[in-house]
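User: I have a model open on my screen and would like a close look at one part of it. Could you walk me through a buried serine and its surroundings, and then place that spot in the rest of the chain?

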Amino acid sequence: MVELIEHGVYLLDGKTLAETAPLSPDEARENTIAYGILRSHDVDGSKGKKLRIRFDAMASHDITYVGIIQTARASGLDTFPIPYAMTNCHNSLCAVGGTINEDDHVFGLSAAKKYGGIYVPANQAVIHQYVREKLAGCGRMVLGSDSHTRYGSLGCMGVGEGGGELVKQLLKNTWDINAPEVVLVWLEGKPKHGVGPHDVAISLVKAVFESGFVKNKVLEFAGPGVKELPIDFRNGIDVMTTETTCLSSIWITDEKVEEHYKMHERPEAYKKLEPGKVAYYDSMIRIDLSSQECMIALPFHPSNAYTIHELQANPEAILKAVEEDTRKRFGDKVSVDLVSKIKNGKVVADQALIAGCSGGTYDNLSEAASILKGKSIGNDYFTMSCYPQSTPVYLATTRNHIAEELLEAGVVIKPAFCGPCFGAGDVPANNGFSIRHTTRNFPNREGSKPGQGQISLVSLMDARSIAATAANGGVLTAATDIEYEDTHKPYSFDGRIYKSRCYEGFGKADLSVELRYGPNIKDWPKMYEMQENMLLELAAVIHDPVTTTDELIPSGETSSYRSNPLKLSEFALSRRCPDYVGLSKNIQAQDLERREGKVSEHLAAALKAVGASASNTSFGSCVFANKPGDGSAREQAASCQKVLGGDANICYEYATKRYRSNCINWGILPFTIAPETAFDYEVGDCVFVPGIRKAILEGKEEIDAQVITKSGVKPIHLYFQNLTADERQILADGCLMNYYKNRK
């Protein structure tokens, strides 16, 4: 179904694939849709290997926008220079922390009025659907402080980054990247009835994630199969490209995209996008849509995928492998029993959800209702909820009897909310097995707390197969195995709700407006510039193949404290390395004493071992992980480390550009080591990096360091490659805020 072609290919006239052409790869790469958009947003306009991008619009949700605005204010923010939408779709519930969530929402509205922003109240829309409806446009670029910022199926390049990169745009600076490789995703055929976008997306993620085939590259979708897909289907595939670790995505556009913009009262946002006569792609993925099967992605990643038929043919062996993986991750903290979900030889789910930017589309809900019409999900342990992704979508489901049919079947319908995607809603029971059309099924992403003996397990499936499963008493069922017909009317957008409730303030800044602060909204603590030498103590050593941002800073109710840096940092690595916070605080306290002229015995011994001076050597905590940063764009994964005195990370590679960028913007040096280097050091060992400030500012990319262990001092070679001049200065200044303060 998915074929990877590792060598470069040419696309001629948008139709014919070839291995040779009259243009060189570098010349023909410029004729891709991706490069056409990137070059048009590059402020230098040089067509070089470095890009400095300014975006057309931005979006944040209520886990991130308070920190972004606070950082931008401290850095000299005047007014919002581009449309900036602040949606309230992540912490819409006010059940944790008293008034915390609503205080942030009030702050957001006051900031929109003061600086000229767009404010979308709670439960009106999930962030990405609002952008699809109101901000995306063909040939445009949108930056979002959420990893699933993807609008390529609408001809708009979306990029998910940490808050620091949005701050740069608010201050009229640039997003700096190396000119990326472009991968052609060639779609052929037409999906079978019952196959949905999540089936295609899961197959794509399975094919490319582990090998890093598309990491930090742009996916460009083309081919005869595109025309066979409705817009919601395209959106559903596109938003999941984040899970491939690609940089961004873009699709050819056609009359269906044109109709989307007309329906959403923005016909001017459409233009036809297609590759030039001779376009070059660095590699290619061929997807035969006609051979796509209904899929399930088992815990704990969207790439851990099987066809539903494969799972039901051999359930015990497959589920035992998941159980073993769970034990490796959590040890004896939890007692897992997935095999008990096998009833009469078939796997049975406990819970089902269709939600968020990937699941809650009109078409998904329409087909789910068609499958469940006249049926019942039953009154046993199995439960099911649906979340339309915006109020216009919700309204259309009520007008066209979709909500009615779902409710009659026993499905609970809830307002637009991202909570199920990150553990703030619909948490399953302990040892519960949940099937979801959402974006991720990372460990604890659903809200369980292994440290408290809780474990629940999420698998990803398409809405159609979820509905078929619900109609079959919870027995996992591929939607291709049942007969149904969707006779509901096509989607029709009604934007009157947005006009009634959303604040459209772009271009209407009023600096006399006072920002409204709640007691939990705190300023960032003082952060120090880099000193001549750096001494690091390992506060966490993680050898998992990949460490997600959810493990670095857990999602769920912890995010309620997102606007209070000190409070939020208490949760850093709490579900993976419970001792991390205490160890980091102890290291930080010793460094603060050192700055006052008091050197602890522990620090003095480490400095003596390498002949270093306390006067010009900082002392900070450090995390080692094999490959950190997969998942969310939330900058808190890095800022919490910094708030706790973190000065660096060491790894073999960073899972995503966005996490590495977050580290840099928070003054955390992103060290790497060579793949063949054995990192067998322990928590409590120290790493001394002499002359690091000079090396950073002089443009060096590697340095010799020393590891101080119980058995003596050992050499280690560290790399810090591919840093721009600005990034080097940000690191030297201690963080992005300091960088801007120093240049006022």
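Analyst: Happy to: we start with one serine, move to the helix beside it in the discussion, and then widen the view. Please keep in mind that this is a predicted model.

Ser249 sits in strand S13, which runs over residues 248–251. Is Ser249 buried or exposed? Its relative accessible area is 0%, and the cut-off for buried is under 20%, so Ser249 counts as buried. The side chain of Ser249 has a polar partner: a contact of 2.6 Å links it to the side chain of Asp238. Setting aside neighbours within four places in sequence, Ser249 also touches residues from other stretches of the chain, including Arg150, Gly152, Cys156 and Met157. Val218, Leu219, Phe221 and Thr241 are among its contacts as well.

Now follow that polar contact to Asp238. Asp238 is one of the buried residues of helix H8, and H8 spans residues 231–239. This helix is mostly covered, with 9 of its 9 residues buried. Among them are charged or polar names such as Asp232, Arg234 and Asn235, along with Ile231, Phe233, Ile237 and Val239. The polar contact therefore joins two buried residues, one in S13 and one in H8.

A second serine makes a nice companion. Ser370 belongs to helix H13 (residues 362–372) and, with a relative accessibility of 11%, is buried too. Which side chains does the side chain of Ser370 meet in polar contacts? One is Asp486, at 3.1 Å, and another is His488, at 3.3 Å. Beyond four places in sequence, the contacts of Ser370 take in Tyr484, Glu485, Asp486, Thr487 and His488, and also Glu405.

For a buried residue in another helix, turn to Ala111. Ala111 lies in helix H4 (residues 100–115) and is buried, its relative accessible area being 0%. Leaving out residues up to four places away, Ala111 touches Ile69, Phe80, Met86, Gly116 and Leu515. To get a feel for distance across the model, take Ala111 and Ser335: they are 224 residues apart along the chain, and 46 Å separates their C-alpha atoms.

Helix H26 (residues 725–733) shows how a helix can be covered by other elements. Its buried residues are Glu727, Arg728, Ile730, Leu731, Ala732 and Asp733. The cover over them includes helices H6, H24 (657–665), H25 (692–697) and H27 (736–741), together with strand S31 (669–672). Just after H26 comes Gly734, with a positive phi of about 110°.

A few backbone spots deserve a look while you have the model open. Most residues other than glycine have a negative phi, and most peptide bonds are trans. Lys172 has a positive phi, near 65°, in the loop that links helix H6 (163–170) to strand S10 (175–178). Leu573 also has a positive phi, near 55°, and is found in the loop between helix H20 (565–569) and helix H21 (580–595). How do these two residues stand, buried or exposed? Lys172 is exposed, with a relative accessible area of 54%, whereas Leu573 is buried, at 1% relative accessibility. The peptide bond from Pro299 to Phe300 is cis, with omega near 10°. Phe300 is in the loop between strands S16 (295–297) and S17 (305–307).

Finally, the whole chain. It holds 27 helices and 34 strands. Its radius of gyration is 25 Å, close to the 27 Å that the globule rule gives for 744 residues, so the chain is as compact as a globular protein of that length. Along the principal axes, its C-alpha atoms fill a box of roughly 75 × 60 × 55 Å. Buried residues, such as Ser249, make up 64% of the 744 residues. Of the contacts between residues at least 6 apart in sequence, 77% join residues at least 24 apart. The accessible surface comes to about 26200 Å², and carbon and sulfur atoms account for 49% of that. The chain has 80 positive and 93 negative charges, whose mean positions are 4 Å apart.

Definitions and conventions:
Residues numbered from 1 in each chain as written. Predicted model: local features only at pLDDT ≥ 70, side-chain atom pairs only at ≥ 80, totals over all residues. Heavy atoms only, no water. Helix = DSSP H or I, 4+ residues; strand = E, 2+ residues; numbered from the N terminus. Buried < 20%, exposed > 50% of the residue type's maximum accessible area, 1.4 Å probe, protein only. Contact = heavy atoms within 4.5 Å. Rg over C-alpha atoms; globule rule 2.2 N^0.38 Å. Areas by Shrake-Rupley, 256 points an atom, 1.4 Å probe, with all protein chains shown as cover. Lys, Arg positive; Asp, Glu negative; His and termini not counted. Charge placed at Lys NZ, Arg CZ, Asp CG, Glu CD. Polar contact = N/O pair within 3.5 Å; in protein donor to acceptor, adjacent residues only side chain to side chain.
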